[in-house]
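This briefing is meant for a reader who is meeting the structure for the first time. Please keep the sequence and the 3D view at hand while reading the points that follow.

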Amino acid sequence: LFFFFNSKKNNDSNIRYISSNTFLLSSFYPSKIITEDVYLDFMNSKKGMDILNLLQERNVPKKIRNLIQNPSLIGLDYKKEIYIYSSIYSEAIENIHSQISLNFIFPIKDLKLVSKNINQYVDFIPDKYIDIFDGEIEDFKYYLIKDRFKEKKDLVMLSYNKDVLLLSICPINTEIHIDLKKELSIIL
């Protein structure tokens, strides 16, 4: 990873948003796995319609079903590379999966669509056990979800600017506390 992170100086690439404490990194191009036409054909097929009907029976909101039926409605750029990376926040070996953060970097195609959708979807999140905070760090708008009862522990942060949408998910270990706002400001 040493050579990879030295290449972060390239300001035209979304790799600059990858944290320096990353231990695992993966990327893929969704358009190389499945084309938009093939996906839309599947969603309009009998099996695709069965899936959408099942989601409707389970009371999944229509807006979310529409996004599943046509993901381009969210405003992300599926023709560009998506990054997934992780960091470990403890040196203890036992139950290591509970100490790993998970982070995603999605390129944005249409900022207005992304912004509109994120604002609407945040309203869908049940907030009985969580608090949702919003704000801005440099040119990134963010939504930070914290556990209401466990010392306001950071759980998830969704942030975006004109180029990328970043999704950070904290380790599930309740002993590990990560300040996601601080983590975002470090990579900026």
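How many nonpolar, polar and charged residues does the lining of the largest pocket have? By class, that lining has 20 nonpolar residues, no polar residues and no charged residues. The model is a predicted one, and the points below take up its sheet, the helices on the sheet, its pockets, an aromatic pair and one loop residue in turn.

**The sheet**

- An open sheet is formed by 7 strands, which follow one another in the order β1-β2-β3-β7-β6-β5-β4 with antiparallel pairing.
- Because β1 (24–28) and β4 stand at the edges and each has a single partner strand, one side of each is left without a neighbour in the sheet.
- On average, and with direction ignored, neighbouring strands of this sheet are turned by 15 degrees against each other.
- At one edge, β1 pairs with strand β2 (residues 82–88) in the antiparallel sense over 5 bridges, and the bridge partner of L24 in β2 is S86.
- Strands β4 (residues 130–137) and β5 (residues 140–147) run antiparallel and are joined by 8 bridges, with I130 standing opposite D147 in β5.
- The hairpin of β4 and β5 has 2 residues between the strands, and E138 in this hairpin takes a positive phi near 50 degrees.
- As general background, the strands of a sheet pair through backbone hydrogen bonds, either parallel or antiparallel.

**Helices on the sheet**

- Helix α6 (residues 111–124) packs on the sheet, where it touches β4, β5, β6 (154–160) and β7 (164–169), and its direction makes about 155 degrees with that of β6.
- Helix α7 (residues 180–187) also packs on the sheet and touches β4, β5, β6 and β7, while its direction makes about 35 degrees with that of β6.

**The two largest pockets**

- The largest pocket has a volume of about 460 Å³, and of the 20 residues that line this pocket, I74, F106, L158, L165 and L167 lie nearest its centre.
- At least two residues of this lining are supplied by each of β2, β3 (100–107), α6, β5, β6 and β7, and the largest share, 3 residues, comes from α6.
- The second largest pocket has a volume of about 360 Å³, and among the 15 residues lining it, I34, T35, E36, S72 and Y78 are the closest to its centre.
- Two or more residues of the lining of the second largest pocket come from each of the elements α2 (30–33) and α3 (36–43).
- The lining of the second largest pocket divides into 6 nonpolar, 4 polar and 5 charged residues, whereas that of the largest pocket has no polar and no charged residues.

**Aromatic pairs**

- The structure holds 4 aromatic pairs, and one of them is the edge-to-face pair of Y17 and F140, with 5.6 Å centre to centre and 75 degrees between the planes.
- This pair links distant parts of the chain, since Y17 is in the loop between α1 (2–6) and β1, F140 is in strand β5, and the two residues are 123 residues apart.

**A loop residue**

- N44 is found in the loop between α3 and α4 (46–57), and, when residues up to four places away in sequence are not counted, N44 touches M49 and Q69.
- From C-alpha to C-alpha, N44 and Q69 are 8.1 Å apart in space, although 25 residues apart in sequence.

Note on methods. Residues are numbered from 1 along each chain as its sequence is written. This is a predicted model: local features need pLDDT of at least 70, side-chain atom pairs count only at pLDDT 80 or more; totals for chains, interfaces and linings use all residues. Side-chain values use heavy atoms; hydrogens and water are left out. Two strands pair if DSSP finds at least two bridges between them. Helices (H or I, at least four residues) and strands (E, at least two) are DSSP runs, numbered from the N terminus. Axes are lines fitted to C-alpha atoms, for helices over the stretch in contact, and angles run from 0 to 180 degrees between N-to-C directions. Contact means heavy atoms within 4.5 Å. On a 1 Å grid over the protein atoms alone, a cavity is a set of points where a 1.4 Å probe fits but cannot get out, and a pocket is an open set with protein on both sides within 12 Å along at least five of seven lines; lining residues have an atom within 4 Å of a point. Grid points are joined across faces, edges and corners, and a volume is the space filled by probe spheres set on the points. Ala, Val, Leu, Ile, Met, Phe, Trp, Tyr, Cys and Pro count as nonpolar, Asp, Glu, Lys and Arg as charged, and the others, Gly among them, as polar. Rings of Phe, Tyr and Trp (its six-membered ring) pair if their centres lie within 6.5 Å; planes under 30 degrees apart count as stacked, over 60 as edge-to-face and the rest as tilted.
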